[in-house]
Amino acid sequence: MSIYVTRRPPGDALRVLGDVGHVELWSVDGVIPRNELLRRVADVSGLYCMLTERIDRELLDAAPKLRVISNMAVGVDNVDLVACTERGIPVGHTPGVLTEATADLAMGLLLAAARRMGEGVSHVRADQWGEWKPELLLGQDVHSSVIGIVGMGRIGAAIARRAKGFGMSIVYTSPNAKPEIEAELGVVRRDMSGLLATADHVVIAASLGPGTYRLIDEKALRLMKPTATLVNIARGPLVDTDALVRALRTGTIAAAGLDVTDPEPLRADHPLAQLPNCVVTPHLGSASERTRADMADLAARNLLLGLSGQRLEACANPAVYDS
Ligand code: DGY
């Protein structure tokens with residue numbers, strides 16, 4: 001069984017795969033160039049890939065022997081699931097194992113942006129720290145405020161649990177009501193406009209798809225409070241970047257904390273990287289040693305299950321098993 005791995009995963013995953021199949025690895029430290037990827041998948045039965053690879057019809061055509069794809073990420077917006085399902089190819093992903101780490105980072109970004117921690121760090125580094133001042137870098141409270149969580153899946157619920165610990169009131173949007181989470185945490189479902197107008201801080205934890213592309217646009221930003229913070233730990237294209245830059249410049253909203261951006265990677269001279277009221281981290285939501293190793297292991301288990309014809313532990317296109 002021939003397996004192609006597009007980037008060295010952390011932990012033991014490569015060894016585990018190597019015990020079962022013949023593994024080839026793109027060992028250069030960088031994203032595999034598209035033409036190389038298309039060439040290297042020609043004979044493979046299993047593809048272990050990252051969110052940086054576009055898995056589309058062209059790639060599937062280039063890999064006629066492909067039986068399973070395993071994406072080392074929970075998000076699968078880089079994969080054409082419809083095309084994979086049509087061809088009977090199950091797509092593995094990594095839900096669950098990164099929930100808590102990602103929720104931790106969301107709270108970190110919320111605190112950093114609302115309490116102006118980025119500006120505080122720059123202030124010290126620029127040797128501007130003079131005497132204590134009663135009005136130096138005043139931000140907005142996080143405790144006891146209203147948090148609006150866009151998307152109440154696993155990560156949204158984990159953010160809500162943390163928010164509860166901060167004494168926050170919690171509103172959320174979701175295509176479907178979540179009665180168990182409402183009962184557990186006292187969260188209240190609102191429509192999008194209601195959430196944007198009510199929340200002191202808005203955190204995006206929704207997945208990216210055709211219905212959520214640029215969900216936060218100019219109009220949505222205008223509905224938010226001028227003191228509000230926007231946090232995005234999901235996918236960059238959920239937010240209209242140009243509209244966000246304008247909103248941060250003109251004071252339509254107070255601050256943003258972004259772990260994902262559009263475009264990604266974000267260059268240092270991009271306005272979002274330069275604006276003092278915007279804190280940007282480079283897609284680190286799941287970036288703890290343990291979480292990334294757990295993701296790599298789950299992705300390896302998915303791949304091996306698929307190669308042996310068994311149902312994947314975490315399958316992003318379960319419809320593939322219906323036919
Ligand atoms: C994912 O898994 O989708 C994250 O964005 C990277 O951990």
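This briefing covers the surroundings of the ligand and the arrangement of a sheet with a helix packed on it. The model is predicted. The ligand is surrounded by nine residues by class, with five nonpolar, three polar and one charged, while the sheet is open and built from five strands whose pairing is parallel.

**Ligand surroundings**

- The residues around the ligand are Leu 51, Ala 73, Val 74, Gly 75, Leu 98, Arg 235, His 283, Ser 286 and Met 295.
- Two side chains place a polar atom beside an oxygen atom of the ligand, that of Ser 286 at 2.5 Å and that of His 283 at 2.6 Å.
- Val 74 takes part through its backbone, where a polar atom is 2.7 Å from an oxygen atom of the ligand; taken alone, the ligand exposes 230 Å², of which the protein buries 91%.

**Sheet and packed helix**

- The strands of the open sheet follow the order S2-S1-S3-S4-S5.
- Strand S2 (22-25) and strand S5 (91-92) stand at the edges of the sheet, and because each has a single partner strand, one side of each is left without a neighbour there.
- Strand S4 (residues 68-71) pairs with S5 in the parallel sense over two bridges, and Ile 69 has Val 91 in S5 as its bridge partner.
- Helix H13 (residues 289-307) packs on this sheet, where the helix touches strand S1 (2-5), strand S3 (46-49), S4 and S5, and its direction makes about 175° with that of S4.

Conventions: Residues are numbered from 1 along each chain as its sequence is written. This is a predicted model: local features need pLDDT of at least 70, side-chain atom pairs count only at pLDDT 80 or more; totals for chains, interfaces and linings use all residues. Side-chain values use heavy atoms; hydrogens and water are left out. A residue is near a molecule or strand if one of its heavy atoms lies within 4 Å of it. A polar contact is a pair of N or O atoms within 3.5 Å; within protein, one must be able to donate a hydrogen and the other to accept it, and residues adjacent in sequence count only if both atoms are side-chain atoms. Accessible areas come from the Shrake-Rupley method with a 1.4 Å probe; for residues, only the protein chains shown count as cover. Ala, Val, Leu, Ile, Met, Phe, Trp, Tyr, Cys and Pro count as nonpolar, Asp, Glu, Lys and Arg as charged, and the others, Gly among them, as polar. Two strands pair if DSSP finds at least two bridges between them. Helices (H or I, at least four residues) and strands (E, at least two) are DSSP runs, numbered from the N terminus. Contact means heavy atoms within 4.5 Å. Axes are lines fitted to C-alpha atoms, for helices over the stretch in contact, and angles run from 0 to 180 degrees between N-to-C directions.
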